[in-house]
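Dear colleague,

I am passing on a structure for you to look at, and below it I have written out what was found in it. Please keep it open beside you as you read.

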Amino acid sequence: MKRFRAELHLHTVHSACAEVEMIPPLIVQRAMDDGINLIAVTDHNATANIAAVQKAALGYDLTVLPGMEVQTREDVHCLCLFDTLEQAAAWQAVVDAHLPNLVNRPDFFGEQYVVDETGDFIRSETRLLAISTNISLDDACRQVTELGGLFIPAHVNRTTNGLLPILGFVPQGIPIAALEISLHITPDQALSQFPQIAGYPLIQNGDVHMLDSMLGANEFFLEDVSIAEIRQALKQENGRSHKILLT
Amino acid sequence: MNLQQIIDALNLTILTEKKDFSLIEPASGYTSDLLSCVMAGAAKQGIWVTLQSHGNIVAVAALLDLCAIIITEDAKPDAATISKANEEGIIMLATSEKSFSVCGQLWSLGLRGG
């Protein structure tokens, strides 16, 4: 088994709320400096910068998983992680069809830049991305899982866009792979404040909007990187394992 | 004031099974879309006004022994949620009106916060 330190919730400049430093080469460099060898790119309702980060990581010991942080109808943020750009594109098509057609106001929300692997500007997305799609959390979870992805409600303890404050408890009967806790809480504190999360695998990420918040708090032991391997690790199955490193 | 009078006055759509709503007297009203707040703040036998239509609303209403949920802005609970509400005996009503307007009308009818 190979050891991976993973940051699975990371925004690029495609997310209006991310700092301008969140461009592919700087993301890769910081991951390398911090000993992180697995990241997922998870922009708000968007996937356009994933390929650029993957290209920037070529030649480094760093795997970049395609992902998205989708905002469901209920205002809940959820990580969607995939093996391939094709799966991410298929999910993006669903999201695009359910995203209200509003125009971004860069002066208020910030710019939404699509960039190349060097961080150079390609275009500015004009459609407002960081808003609720009209997809229910349950439907999103089922569809992402059917596409082969992992569905992980993000920062579940957070009052803003977190599953537990908004929906009270974890919905039953849907294939939720794990729950993400925010960087401001330890797993023990999360379990004590929210006993309803007992039994779910927990991951922790920096919800990285600036380079300094990269945590790499997830330690995985995997044969190689794939959604199937991570799924087993979250369940501590077949010799794969996962734990949250106390940072 | 009974629930049938409220249904008539607000022209609410009944999503769950029909019953004699005139026998049900809501004690108070409450509104929030954050289910954690509802769990902490809504009073027993109250009417809950929300635009949240996720299946978890049924469990929250059952947990708190709420009288009925009014789902606003045309938010549509799915069939599984409606069926769960019927199983739990939770009354779900719907309207295209906004929560603000529904609360105003309930207030005019004499309903108060719990």
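The largest pocket in this predicted model holds about 380 Å³ of space. Its lining is made up of 19 residues, and those that lie nearest the centre of the pocket are A:Arg73 and A:Glu74 from one chain, with B:Leu51, B:Gln52 and B:Ala75 from the other. If you sort this lining by class, you will find 7 charged residues and 7 polar ones, together with 5 that are nonpolar.

The second largest pocket offers about 260 Å³ of space, and 13 residues line it, with A:Asp138, A:Gln172, B:Gly55, B:Asn56 and B:Lys84 closest to its centre. Which helices each supply at least two residues of this lining? They are helix 5 (137-146) of chain A, and helix 3 (56-64) and helix 4 (79-88) of chain B. Of these, helix 4 of chain B gives the largest share, which comes to 3 residues. By class, the lining of the second largest pocket divides into 5 polar, 4 nonpolar and 4 charged residues.

Turning from the pockets to the nonpolar cores, the largest one has 48 residues, and within it A:Trp91 and A:Phe151 are the residues with the most contacts. Helix 3 of chain B contributes the largest share of this core, namely 5 residues. Another core, of 21 residues, lies apart from it, and includes A:Leu10, A:Val28, A:Ala56 and A:Leu211.

With best wishes

Terms used. Residues are numbered from 1 along each chain as its sequence is written. Chains are lettered from A and ligands numbered from 1 in the order in which they are written. This is a predicted model: local features need pLDDT of at least 70, side-chain atom pairs count only at pLDDT 80 or more; totals for chains, interfaces and linings use all residues. Side-chain values use heavy atoms; hydrogens and water are left out. On a 1 Å grid over the protein atoms alone, a cavity is a set of points where a 1.4 Å probe fits but cannot get out, and a pocket is an open set with protein on both sides within 12 Å along at least five of seven lines; lining residues have an atom within 4 Å of a point. Grid points are joined across faces, edges and corners, and a volume is the space filled by probe spheres set on the points. Ala, Val, Leu, Ile, Met, Phe, Trp, Tyr, Cys and Pro count as nonpolar, Asp, Glu, Lys and Arg as charged, and the others, Gly among them, as polar. Helices (H or I, at least four residues) and strands (E, at least two) are DSSP runs, numbered from the N terminus. A nonpolar core is a set of buried Ala, Val, Leu, Ile, Met, Phe, Trp, Tyr and Cys residues joined through side-chain atoms within 4.5 Å. Buried means under 20% relative accessible area, exposed over 50%, partly exposed in between (1.4 Å probe, protein chains only).
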